[in-house]
Amino acid sequence: MTILVTGGAGYIGSHMVFELLDHGEKVVVIDNLTTGFDWAVPDRAELVIGDIGDKKLVERVIRDFKVEAVIHFAGSVVVPESIEKPLDYYRNNTSNSRELLDAVVNCGVDKFIFSSTAAVYGTPMTTGPIREDAILNPMSPYGSSKLMTEIMVRDAALASDLRYVMLRYFNVAGCDALKRTGQSTKGATHLIKIACEAALGKRPFMGVFGNDYDTPDGSCIRDFIHVSDLVNAHYAALNFLRQGGLKFTANCGYSKGYSVLEVIEAVKRISGNDFPVMMEPRRPGDIPALTANSHRLKSRLTWSPRFDDLDTIIKTALDWESALEQRRKSA
Ligand code: UFG
């Protein structure tokens, strides 16, 4: 039996592929390579280049590879871009997920793990780490497109044998400690990657989008989770489903918040490089402060974090950024 990883050539998906292979699992990836890279998928996994919205292709892959479970990462992930191109997000994250789910249910696959997001909460009504039973009120098409898929998965499960886990990611960062894969996205928008690029001279400066929020230093606060801990939570989720678990939704974060300015200072300290930082206007769609209550994840799945430390996250991100530079030079 094989695990199907959609979006397995992307940042988080490729870490998932290594996690599964490290546990001796067989893996097939479907990725259309719009943002992923074929070289990010190791030879030990099968790569099928195609779209998850292509139901016939997905059904063929499920049958040919005797797929036991689907871990669904494929999609678009940039909050501000989703405000500019909402219909692209509803196609990539919602409509295509519907086709994928249809194929999964038609073929009788009964285990489904979905990469959802903290963006489904919108601006929290309370302060402090947010719980999974908080009101869901996304503030961006990105968050809405993911919430709609959560709802589809839930309803499809009610009407079939499908069992599922939905993991709501907070801010995923860092890279594989063995440097086998990392965040290679061109035109990055995520904070830690941008700061690492600035620290390594790949960009002349970086901006802070708003320093007038109602937070201690005026910049936004986020909960950063190391990508290797995140994919390990997916492996725990797979085992939960294998042991007969029916449904489970959990936040993925460490319940600790760091401000944008704190992150930039840490990148400067760890890299040993200073770089110019400009204060810029607020970015549309940003939530002032968002941290996860991660009690449910820790108590219900066999998961405990191994990289729960901002410096480790940043160090692995910097290491990968240097490795990418070497790869570019030797290409
Ligand atoms: N930021 C900057 N400058 C930059 C890049 C980012 O100041 O150059 C700020 C943003 O304005 C925001 C914070 O850094 O305040 C984090 O921004 P990211 O773009 O790194 O990430 P987001 O918080 O927008 O989104 C991420 C994921 C979502 C998830 C969300 C939950 O992409 O899936 O975190 O917190 F929902």
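This report walks through the ligand site and the enclosed cavities of the structure above, which is a predicted model.

**Around the ligand**

Let us begin with the ligand and its neighbours. The shell around the ligand holds 21 residues, and those that come nearest are Thr117, Asn171, Leu191, Arg222 and Asp286. Sorted by class, the shell has 13 nonpolar residues, alongside 5 polar and 3 charged ones.

Where does the ligand lie with respect to domain 1 and domain 2? Domain 1 covers 2–173 + 224–252, while domain 2 covers 191–221 + 255–292 + 300–325. Both domains give residues to the shell, so the ligand lies between them.

Two secondary-structure elements are worth picking out in the viewer. Helix H6 (191–199) and strand S8 (206–209) each supply at least two residues of the shell. S8 provides the largest share, with 4 residues.

Several polar atoms of the protein also lie at short listed distances from ligand atoms. On the side-chain side, His190 places a polar atom 2.9 Å from an oxygen atom of the ligand. Arg283 likewise has a polar side-chain atom 2.8 Å from a ligand oxygen atom. With Gly207, the backbone takes part: one of its N or O atoms is 2.8 Å from a nitrogen atom of the ligand. As for overall cover, the ligand taken alone exposes 690 Å², and the protein buries 94% of that.

**Enclosed cavities**

How many cavities of 30 Å³ or more does a search of the whole structure find? The search finds 2. Their volumes and lining classes are set out here.

| Cavity | Volume | Nonpolar lining residues | Polar lining residues | Charged lining residues |
|---|---|---|---|---|
| Largest | about 60 Å³ | 5 residues | no residues | 4 residues |
| Second largest | about 50 Å³ | 5 residues | 2 residues | 2 residues |

If you would like to select the linings yourself, here are the residues. The largest cavity is lined by Asp223, Phe224, Tyr254, Lys256 and Tyr258, together with Asp308, Asp309, Leu310 and Ile313. Its lining contains no polar residues, with 4 charged residues beside the 5 nonpolar ones.

For the second largest cavity, the lining consists of Tyr11, Ala173, Gly174, Cys175, Gln183, Ile192, Lys193, Ala317 and Glu321. H6 and helix H10 (310–330) each contribute at least two residues to this lining. H6 also supplies at least two residues of the shell around the ligand.

Methods:
Residues are numbered from 1 along each chain as its sequence is written. This is a predicted model: local features need pLDDT of at least 70, side-chain atom pairs count only at pLDDT 80 or more; totals for chains, interfaces and linings use all residues. Side-chain values use heavy atoms; hydrogens and water are left out. A residue is near a molecule or strand if one of its heavy atoms lies within 4 Å of it. A polar contact is a pair of N or O atoms within 3.5 Å; within protein, one must be able to donate a hydrogen and the other to accept it, and residues adjacent in sequence count only if both atoms are side-chain atoms. Accessible areas come from the Shrake-Rupley method with a 1.4 Å probe; for residues, only the protein chains shown count as cover. Ala, Val, Leu, Ile, Met, Phe, Trp, Tyr, Cys and Pro count as nonpolar, Asp, Glu, Lys and Arg as charged, and the others, Gly among them, as polar. Domain bounds come from an automatic or database domain assignment. On a 1 Å grid over the protein atoms alone, a cavity is a set of points where a 1.4 Å probe fits but cannot get out, and a pocket is an open set with protein on both sides within 12 Å along at least five of seven lines; lining residues have an atom within 4 Å of a point. Grid points are joined across faces, edges and corners, and a volume is the space filled by probe spheres set on the points.
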